[in-house]
There are 2 protein chains.
Amino acid sequence: MYEGVVQDLIDELGQLPGVGPKSAQRIAFHLLQADAADVRRLAEVLIEVKARVKFCSVCFNVSEDEQCRICRDPRRDPSVLCVVEEYKDVVAIERTREFRGRYHVLGGAISPIEGIGPEQLHVTELMTRLADGAIEEIILATDPNLEGEATATYLTRMLRPLGLRVTRLASGLPVGGDLEYADEVTLGRAFAGRRSADA
Amino acid sequence: MYEGVVQDLIDELGQLPGVGPKSAQRIAFHLLQADAADVRRLAEVLIEVKARVKFCSVCFNVSEDEQCRICRDPRRDPSVLCVVEEYKDVVAIERTREFRGRYHVLGGAISPIEGIGPEQLHVTELMTRLADGAIEEIILATDPNLEGEATATYLTRMLRPLGLRVTRLASGLPVGGDLEYADEVTLGRAFAGRRSADA
């Protein structure tokens, strides 16, 4: 129905998460009328993101360098490790300013339905990081939903024999929600009230 | 809070219509994890759209050529002209397959609040198209809102002296809807515009 390349653009935009056919159309028409320089800037930043953004070799956080800013920062406490599912969870936790340790990004959560087991996550690398005994506490900050809970339970079982302190974020996070959508105060309280993983 | 270029991407995405900060973040994280080839294709189509898409020199519809497909199509009735606000209205009307004439895209509607008067729209070009007398009917298909109604009223006044047939789209109940949910104005218009049940 649309001129060729306009339809291509609508199709590409429709692939983005949360962008339905109507939104894709709306965005495409906006871009048709937008300043060419603005559209070019968006295109360039898309290319740049894929060219420049890598993953930290230590914690798998998003990084433009071999190691991310947090792993490189000597003021961050190396004895406390917060295990999260995704990069966006690191950002959400950093926003609370409650946590001064370091992170380990699993790259997802255990989900048998989607065929994601511990082998698809950065679990082996987590165990390797614990080898030198510098880490004393692990905070399991997976999402408070089914997959996140399963992942935390799995990790607790793996970590218990190592004699570390293993904690979970306090309940208070709305169950069934996504960690990234929690407000700063709730997420901060959850940090302050974290409990032993045996409980 | 985010690594530089990731924040740039979120900022750029947040400029798009209907994309709030949370959606921008969500799309950005999706793109971070997406296949580089997919992201490149999106970037390329953005560049291509701005390079290839022009506006038809006759009707101001979106076109990849000097004249759009509809203006070039000899099977379209040259005696009936449908005046719309935007390109997307052309697409919506084409989808109905009810109209076999040609279009004129104004490029918006009269809106004093936004500083849009007839001079900002393709009104002069519309009058020029009428000069040769080939057009016998003009259908004013502006949006049924304040700005659209104002535009249609203005155009009716401009066109009346030319002795053309000037029509408006019928107002009434949307097909497939419930009468009880129709707003008063729509229901009032449906009454005013009632037609013989034999038709």
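**Buried residues and salt bridges**

Student: Why is A:R76 called buried in this model?

Tutor: The model is predicted. A:R76 has a relative accessible area of 3%. Buried means under 20%, so A:R76 is buried.

Student: How do you know that A:E94 and A:R76 form a salt bridge?

Tutor: Their side chains meet at 2.8 Å, N to O. The limit is 4 Å between a nitrogen of Lys or Arg and a carboxyl oxygen of Asp or Glu, so the pair qualifies. A:E94 lies in helix α5 of chain A and A:R76 in the loop between α4 and β3, so the bridge ties together parts that are 18 residues apart in sequence.

Student: Is A:E94 buried or exposed?

Tutor: A:E94 is at 17% relative accessibility, and the cut-off for buried is under 20%, so A:E94 counts as buried.

Student: What makes the pair A:R41 and B:E12 a link between chains?

Tutor: The two side chains meet in a salt bridge of 2.8 Å, N to O. A:R41 belongs to helix α3 of chain A and B:E12 to helix α1 of chain B, so the pair joins two chains.

Student: Why is A:R41 called partly exposed?

Tutor: The relative accessible area of A:R41 is 41%. Partly exposed covers the range between 20% and 50%, so A:R41 fits. B:E12, at 15%, is buried.

Student: Where do B:R52 and B:E48 lie?

Tutor: Both are in helix α3 of chain B, 4 residues apart, about one turn of the helix. They form a salt bridge, with the closest N and O atoms 2.6 Å apart.

Student: How many salt bridges are there over all chains?

Tutor: The count is 20.

Key
Residues numbered from 1 in each chain as written. Chains lettered and ligands numbered in written order. Predicted model: local features only at pLDDT ≥ 70, side-chain atom pairs only at ≥ 80, totals over all residues. Heavy atoms only, no water. Buried < 20%, exposed > 50% of the residue type's maximum accessible area, 1.4 Å probe, protein only.
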